[in-house]
Amino acid sequence: MQKVLGAQAPAGSPFAQALFQEYQAYTRQEVQSEVEWVDATQTARKALRILDGEVVKPDELTIRPLPAPAVPELTAARARLMGYLASGATERVPAAAAKAQVAFDCWLEQAAQTNVTQSCRKVFLAHEPILKKPAPVTEVAADVRRSFVVTFALGSSQLSAQAQSTLKEVASVQAQLRAPVVSVSGFTDTLGSRETNLRLARHRADVVAAELTKLGINPALISEDALGESSLAVATNDGVKEARNRRVEITLAGTAWGRGTYGGYAYGDRGHSYGYGYGYGANHFAVFFTPGSSKLSSQDIEKLKYVVAAQKNLKPKSVRVVGFTDRTGSAATNSRLSRERAQAVAAEIAKLGGTTTSVDSRPGEAWAGPQDGRARRVEILFDY
């Protein structure tokens, strides 16, 4: 047992290293806190087998005398766990997979002891969503391109009933096609100054982007622009009212892809996190914002509940919150906005019972054009 407690993690796969560390920590807990020498010895033997290069699987139910009511749930949980491990969870999320395996073994032990708290059951169930393999989706056809137009009253950015109906159709088609790019462009007629029209076009585009987000389109997919009177649908002289020019154009587009590259689940390494899902493994999480906004949606708050639950179970050493913007605003505006987004997320995490170690901002980022929706985000980073 002393050999296990004083050993370093093996030089194997990330999962083997994480699994050894989990069994090592569990052994230490049983010795120092619970004084469970028999169980500590069994756990230490698993850690030694990992050091010897063996593959250690979750415990079988037959190794312990279990109360009959506990057997069905434990049987189903082990079957699910084995499925996650077989489908690549050990490569996708090695730390979470190791945590779940040791939590299952601990759950089995607690069930045999009729431990009413079953704290390890809660840890296993909290980690289970992280282990699930992203479901396959139909790839977007390479020639996907659908366009929609909503128009506005003179000098207005208010959505009419017809405009709202059109935007519902946009959201429905986007969900069906899974188009990875939603382009929103605002325009005006030639009545008024160019500067005024550019501001109005921006406001119209903002309103449409916000409505599409409310209808379920992820803001990370929305690329927004404002062109004012510079690109008329109907050619007119300056100072002319023309309803068809007072518009926002929405285009759904993109090339074929599926989950795992970009589009639904985040990807990255231990230093970066990209994507529009709510997490990459057990280390990175992200929420996204509509243009010019630092307001969290109800969906964002649900994601942050998951982040707080993960923090409580994974116990990272630090939790960093970093805000970002695209490049559409001035340097001063983007600096303020990225900071406000990070502060809003940190405040919500605190409200939900979590903690943050630092709050930072990195304004003016974009991976594609200056209106890139993926840049309008806040990342929550766990460090271990």
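## Salt bridges, a long-range strand contact and helix α8

Glu302 and Lys305 sit three residues apart in helix α9 (residues 298-314), about one turn of the helix. Helices here are DSSP runs of H or I with at least four residues, strands are runs of E with at least two, and both are numbered from the N terminus. Bear in mind that this is a predicted model: local features need pLDDT of at least 70, side-chain atom pairs count only at pLDDT 80 or more, and totals for chains, interfaces and linings use all residues. Residues are numbered from 1 along each chain as its sequence is written, and side-chain values use heavy atoms, with hydrogens and water left out.

Back to α9: Glu302 and Lys305 form a salt bridge, meaning a side-chain nitrogen of Lys or Arg within 4 Å of a carboxyl oxygen of Asp or Glu. Side chains of opposite charge can pair when their charged atoms come close. The structure holds 17 salt bridges, and here are some of them:

| Pair | Closest N to O distance |
|---|---|
| Glu302 and Lys305 | 3.0 Å |
| Arg336 and Glu340 | 3.1 Å |
| Glu128 and Arg80 | 2.4 Å |

Arg336 and Glu340 also share a helix, α10 (residues 331-351), where they are four residues apart, about one turn. Elsewhere, salt bridges with shared partners tie Lys46, Asp59 and Asp105 into one network.

Glu128 and Arg80 pair up through a salt bridge. That pair links distant parts of the chain, with Glu128 in helix α6 (residues 119-131) and Arg80 in helix α4 (residues 71-92), 48 residues apart. How exposed are the two partners? Glu128 is buried at 9% relative accessible area, while Arg80 is partly exposed at 33%. For these labels, buried means under 20% relative accessible area, exposed means over 50%, and partly exposed is in between (1.4 Å probe, protein chains only).

Now for a strand: Val149 belongs to β1 (residues 144-151) and is partly exposed, at 46% relative accessibility. Leaving aside neighbours within four places in sequence, Val149 is in contact (heavy atoms within 4.5 Å) with Thr166, Arg247, Val248 and Glu249. Arg247 is 98 residues away from Val149 in sequence, yet their C-alpha atoms are 6.6 Å apart.

Last, helix α8 (residues 194-214) has 21 residues and should span 30 Å at 1.5 Å a residue, which agrees with the 30 Å between its end C-alpha atoms. That expected span is 1.5 Å times one less than the number of residues. Buried residues in α8 include Leu200, Arg204, Val208 and Glu211. After α8 comes Gly216, with a positive phi near 110°.
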